[in-house]
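This report considers a single protein chain and the contacts within it. The sequence and the coordinates are shown first.

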Amino acid sequence: RILFHGRYRTMKIIHSEQTVDIPEGVTVEVSGRVVKVTGPRGKLEKNFRHFPSVIRKKGKKQISVEVWFGKREHLAGIRTMCSHIENMITGVTKGYEYKMRFAYAHFPINVTIVNDGKTVEIRNFLGEKILRTVPCLEGVTVVRSEKVKDEIVLTGNSLENVSQSAASIHQVCNVTGGKDIRKFLDGIYVSERHVLGEF
């Protein structure tokens, strides 16, 4: 830090760079800060144009993320972008899985999966007659667990889409109407989350 006119100013770092390794069987295309990752399970695309950086391939086995004259928040953003790319690579090679369990004290929650596993319908939450419908995001599939009672399993290639779909299902079952959430614990909660084939 430098004291400048009575205020501390953070110095900019001239050049920062981090790399991500590309495994066998995965193809990565970079075009104008738009990254496309293709693997055995499918294809994912993410736009990083909101972040001032340089993304380029270093040979066939690495992707480089660079920032010139970056401040503290820009340096932190490099690691974030690399994590996003790594998650995309994991998604197209292995995939992600979230498991959700139903919790209820008296009224059993009735969950129906329709539209070929793309939509979840929830009935009888706290005895209400309201039909709650949650459409899953692109690439996410929901199935009922065959081994465990009152459990659904969400799978997909995009970690963001799978986790957001799980969050949408959880939030649609929030207890409202002035009830004490410490006593009324009914809902659908995430019980497990992991990479497919690693648990």
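The sections below describe the nonpolar cores, a surface patch, the salt bridges and two residues with polar contacts.

## Basis of the report

The structure is a predicted model.

## Nonpolar cores

The largest nonpolar core comprises 21 residues. Within this core, the residues that touch the most other members are Val111, Ile122, Ile152, Leu154, Ile169 and Ile188. Two or more residues each are contributed by strand S9 (96-103), strand S11 (119-123), strand S14 (151-156) and helix H2 (159-172). Apart from this core lies another, of 20 residues, which includes Val26, Ile63, Met81 and Cys82.

When residues up to four places away in sequence are set aside, Val111 touches Phe102, Val120, Glu121, Ile122, Arg144, Ile152 and Ile188. Among these, Ile122, Ile152 and Ile188 are also named with Val111 as residues touching the most other core members.

## A nonpolar surface patch

Ile14, Val54, Trp68 and Phe69 make up a nonpolar patch on the surface, with an area of about 430 Å². One of these residues, Val54, belongs to strand S7 (residues 54-58). Val54 has a relative accessible area of 36% and is therefore classed as partly exposed, since the partly exposed class lies between the buried limit of 20% and the exposed limit of 50%.

## Salt bridges

The model contains 9 salt bridges. One of them joins Glu66 to Arg56, with the closest N and O atoms 2.6 Å apart. Glu66 lies in strand S8 (residues 62-70) and Arg56 in strand S7, so this pair ties together parts of the chain that are 10 residues apart in sequence. Glu66 is buried, at a relative accessible area of 5%, whereas Arg56 is partly exposed, at 37%.

A further salt bridge is formed by the side chains of Lys99 and Glu192, with an N to O distance of 3.7 Å. This pair links distant parts of the chain, as Lys99 is in strand S9 and Glu192 is in strand S15 (residues 187-195), 93 residues apart. Glu192 is partly exposed, with a relative accessible area of 27%.

The side chains of Glu121 and Arg123 also meet in a salt bridge, at 3.2 Å from N to O. Glu121 is buried, with a relative accessible area of 17%, while Arg123 is partly exposed, with 32%. Glu121 is, in addition, one of the residues touched by Val111.

## His15 and its contacts

His15 is located in strand S3 (residues 13-21) and is partly exposed, with a relative accessible area of 32%. Leaving aside neighbours within four places in sequence, His15 is in contact with Glu66, Val67 and Trp68. The side chains of His15 and Glu66 are joined by a polar contact of 2.8 Å. Glu66 thus has a polar contact with His15 as well as a salt bridge with Arg56.

Another relationship concerns separation: His15 and Val175 are 160 residues apart in sequence, and their C-alpha atoms are 50 Å apart in space.

## Ser145 in a loop

Ser145 is placed in the loop between strand S13 (141-144) and strand S14. A polar atom of the Ser145 side chain lies 3.3 Å from the backbone nitrogen of Val148. Beyond residues up to four places away in sequence, Ser145 touches Glu151, Ile152 and Val153. Of these, Ile152 is also a member of the largest nonpolar core.

Terms used. Residues are numbered from 1 along each chain as its sequence is written. This is a predicted model: local features need pLDDT of at least 70, side-chain atom pairs count only at pLDDT 80 or more; totals for chains, interfaces and linings use all residues. Side-chain values use heavy atoms; hydrogens and water are left out. A nonpolar core is a set of buried Ala, Val, Leu, Ile, Met, Phe, Trp, Tyr and Cys residues joined through side-chain atoms within 4.5 Å. Buried means under 20% relative accessible area, exposed over 50%, partly exposed in between (1.4 Å probe, protein chains only). Helices (H or I, at least four residues) and strands (E, at least two) are DSSP runs, numbered from the N terminus. Contact means heavy atoms within 4.5 Å. Patches are made of residues with over 30% relative accessible area and no salt bridge: like charges are joined within 9 Å, nonpolar side chains (Val, Leu, Ile, Met, Phe, Trp, Tyr) within 5 Å. Accessible areas come from the Shrake-Rupley method with a 1.4 Å probe; for residues, only the protein chains shown count as cover. A salt bridge is a side-chain nitrogen of Lys or Arg within 4 Å of a carboxyl oxygen of Asp or Glu. A polar contact is a pair of N or O atoms within 3.5 Å; within protein, one must be able to donate a hydrogen and the other to accept it, and residues adjacent in sequence count only if both atoms are side-chain atoms.
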